[in-house]
Amino acid sequence: MTNVEVLFRYDSHPAQAAMIALSNMREIYGIRRVTVNEAWQTIRVEYDATRLNAAVVGQLLRRAGINVSEELPPLPQMEQPLSQPAPAK
């Protein structure tokens, strides 16, 4: 088993039905974890690369009703975006 993470950005906040479908994605053989970060508008999916690939995971998200706009390079997991420093006067 080879665990891989893929990060996708979505355009608009998913509807309730899409969020339910997203939570059910963990029942798909090969999907290990699905994490939504609303502040960054991203969805991180950890999956088994011997069973799935990034294109299939993106297609599963679209079928769930998530409007995926792009695949992002892997980033470290953060709870909230870093705050911007106050402008100097």
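In the predicted model, Val34 is placed in strand β2. Beyond its neighbours within four places in sequence, Val34 is in contact with Leu22, Met25, Arg26, Ile43, Arg44 and Val45. Val34 is also ten residues from Asn24 along the sequence, and the C-alpha atoms of these two residues are 9.7 Å apart in space. Two of the residues touched by Val34, Leu22 and Ile43, are described further below.

Strand β2 belongs to an open sheet of four strands, arranged in the order β2-β3-β1-β4 with antiparallel pairing. Strands β2 and β4 stand at the edges and have a single partner strand each, so one side of each is left without a neighbour in the sheet. On average, and with direction ignored, neighbouring strands of this sheet are turned by 25° against each other. In general, the strands of a sheet pair through backbone hydrogen bonds, in either a parallel or an antiparallel sense.

The pairing of β1 with β3 is antiparallel and extends over seven bridges. Within this pairing, Phe8 stands opposite Ile43 in β3, and Arg9 stands opposite Thr42 in β3. Strand β1 also pairs with β4, again in the antiparallel sense, over four bridges. Here Phe8 stands opposite Glu71 in β4. Phe8 thus has a residue opposite it in β3, namely Ile43, and another in β4, namely Glu71.

The connection between β2 and β3 shows several local features. Asn37, in strand β2, has a relative accessible area of 14% and is therefore buried, the limit for this class being under 20%. The side chain of Asn37 reaches the backbone nitrogen of Ala39 at a distance of 3.1 Å. Gln41 lies in the loop between β2 and β3. With a relative accessible area of 32%, Gln41 is partly exposed. The phi of Gln41 is near 55°, a positive value in a residue other than glycine. Most residues other than glycine have a negative phi.

Helix α2, comprising residues 54-63, has Ala54, Val57, Gly58, Leu60 and Leu61 as its buried residues. These residues lie on the same side of α2 because they cover an arc of only 160° around the axis. Such an arrangement can be related to helical geometry: an α-helix has 3.6 residues a turn, so residues three or four places apart point the same way. On the other side of α2, Ala55 and Arg63 are exposed. The buried residues of α2 pack against strands β1 (3-10), β2 (31-37), β3 (42-48) and β4 (68-72), as well as against helix α1 (16-24). The helix lies across β1, β2, β3 and β4 and runs at about 45° to β1.

Both ends of α2 were examined. At the N-terminal end, Asn53 caps the helix, with a side-chain oxygen 3.1 Å from the backbone nitrogen of Ala55. Just after α2, Gly65 takes a positive phi of about 100°.

The largest nonpolar core contains 19 residues, of which Ile31, Ile43, Val45, Val57, Leu61 and Ile66 touch the most other members. At least two residues of this core are supplied by each of β1, α1, β2, β3 and α2. Helix α2 provides the largest share, four residues.

Contacts of Ile43 and Leu22 illustrate how separate parts of the chain come together. Apart from its neighbours within four places in sequence, Ile43 is in contact with Val6, Leu7, Phe8, Tyr10, Leu22, Val34, Thr35, Val36, Leu61 and Ile66. Leu22 is found in helix α1 and counts as buried, at 3% relative accessibility. When residues up to four places away in sequence are not counted, Leu22 touches Val34, Val36, Ile43, Leu61, Ala64 and Ile66. Leu22 and Ile66 are 44 residues apart along the chain, yet their C-alpha atoms are separated by 8.2 Å. Ile66 is also among the residues in contact with Ile43, as is Leu61, one of the buried residues of α2.

Technical notes: Residues numbered from 1 in each chain as written. Predicted model: local features only at pLDDT ≥ 70, side-chain atom pairs only at ≥ 80, totals over all residues. Heavy atoms only, no water. Buried < 20%, exposed > 50% of the residue type's maximum accessible area, 1.4 Å probe, protein only. Arc of directions from axis to C-beta. Contact = heavy atoms within 4.5 Å. Polar contact = N/O pair within 3.5 Å; in protein donor to acceptor, adjacent residues only side chain to side chain. Pairing = 2+ DSSP bridges. Axes fitted to C-alpha atoms, helices over the stretch in contact; angles between N-to-C directions. Core = buried A, V, L, I, M, F, W, Y, C linked by side-chain atoms within 4.5 Å.
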